[in-house]
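Q: Please take a close look at the pocket in this model, and describe the surroundings in which it should be read. A connected account would be preferred to a list.

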Amino acid sequence: MQVNIRVRRALGDQLADRARAEGTTQKVLVCRALAAAGFDVHPEDLRATPAPRRRGSS
């Protein structure tokens, strides 16, 4: 299932920066926070999947 949320740019930037610094994904960070708040989060949602391969030269 896909869940979309809108947040202020500052929060989005913090989330992206933290995920990059921790070598994980924004999804994992959000799922960790939900688990800490008492939600029943499946273990697979707490693990980052490999980044998709992008087309292009980089």
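A: A pocket, as the word is used here, is an open set of grid points with protein on both sides within 12 Å along at least five of seven lines, and its lining residues have an atom within 4 Å of a point. Rolling a probe the size of a water molecule over the atoms shows where empty space is left. The model examined here is a predicted one.

In this model, the largest pocket has a volume of about 630 Å³. Its lining comprises 19 residues, and those closest to the centre are Val-3, Lys-27, Val-30, Cys-31 and Leu-34. Sorted by class, the lining contains 10 nonpolar, five polar and four charged residues.

The setting of this pocket is a protein with two helices and zero strands. Both H1 and H2 contribute to the lining, each with at least two residues. H2 provides the largest share, namely five residues. H1 covers residues 9-22, while H2 covers residues 26-36.

The two helices are also linked by charged side chains. Arg-32 and Glu-22 form a salt bridge, with N and O 2.9 Å apart. Because Arg-32 belongs to helix H2 and Glu-22 to helix H1, this pair ties together parts that are 10 residues apart in sequence. Arg-32 is partly exposed at 38% relative accessible area, and Glu-22 is likewise partly exposed, at 41%. For reference, partly exposed covers the range between the buried limit, under 20%, and the exposed limit, over 50%.

The remaining salt bridges extend this picture; in total the protein has five. Within helix H1, Asp-17 pairs with Arg-20, their closest N and O atoms being 3.3 Å apart. These two residues are three positions apart, about one turn of the helix. Asp-17 is partly exposed, because its relative accessibility is 44%, whereas Arg-20 is exposed, because its value reaches 61%. Elsewhere in the chain, Glu-44 and Arg-47 meet in a salt bridge with an N to O distance of 2.2 Å. Glu-44 is partly exposed at 45% relative accessibility, and Arg-47 is partly exposed at 47%. Shared partners also join Arg-18, Glu-22 and Arg-32 into one network of salt bridges.

The segment before H1 carries a surface feature that involves one of the residues at the centre of the pocket. Val-3, listed above among the residues closest to the pocket centre, also belongs to a nonpolar surface patch of about 640 Å², made with Met-1, Ile-5, Val-7 and Leu-11. Val-7 lies in the segment before helix H1 and is partly exposed, with a relative accessible area of 44%.

The segment after H2 comes back towards that helix in at least one place. Thr-49 is located in this segment, and its C-alpha is 9.4 Å from that of Val-28, although the two residues are 21 positions apart in sequence. Thr-49 is exposed, because its relative accessible area is 59%.

These details belong to a protein in which buried residues make up 12% of the 58 residues. The protein exposes about 5,700 Å², and carbon and sulfur atoms supply 51% of that area.

How values were computed: Residues numbered from 1 in each chain as written. Predicted model: local features only at pLDDT ≥ 70, side-chain atom pairs only at ≥ 80, totals over all residues. Heavy atoms only, no water. Helix = DSSP H or I, 4+ residues; strand = E, 2+ residues; numbered from the N terminus. Buried < 20%, exposed > 50% of the residue type's maximum accessible area, 1.4 Å probe, protein only. Areas by Shrake-Rupley, 256 points an atom, 1.4 Å probe, with all protein chains shown as cover. Patch = residues over 30% accessible without salt bridge, like charges linked within 9 Å, V, L, I, M, F, W, Y side chains within 5 Å. Salt bridge = Lys/Arg side-chain N within 4 Å of Asp/Glu carboxyl O. 1 Å grid on protein atoms, 1.4 Å probe; cavity = no way out; pocket = protein on both sides within 12 Å on 5 of 7 lines; lining within 4 Å. Points joined across faces, edges and corners; volume = space filled by probe spheres on them. Nonpolar A, V, L, I, M, F, W, Y, C, P; charged D, E, K, R; others polar.
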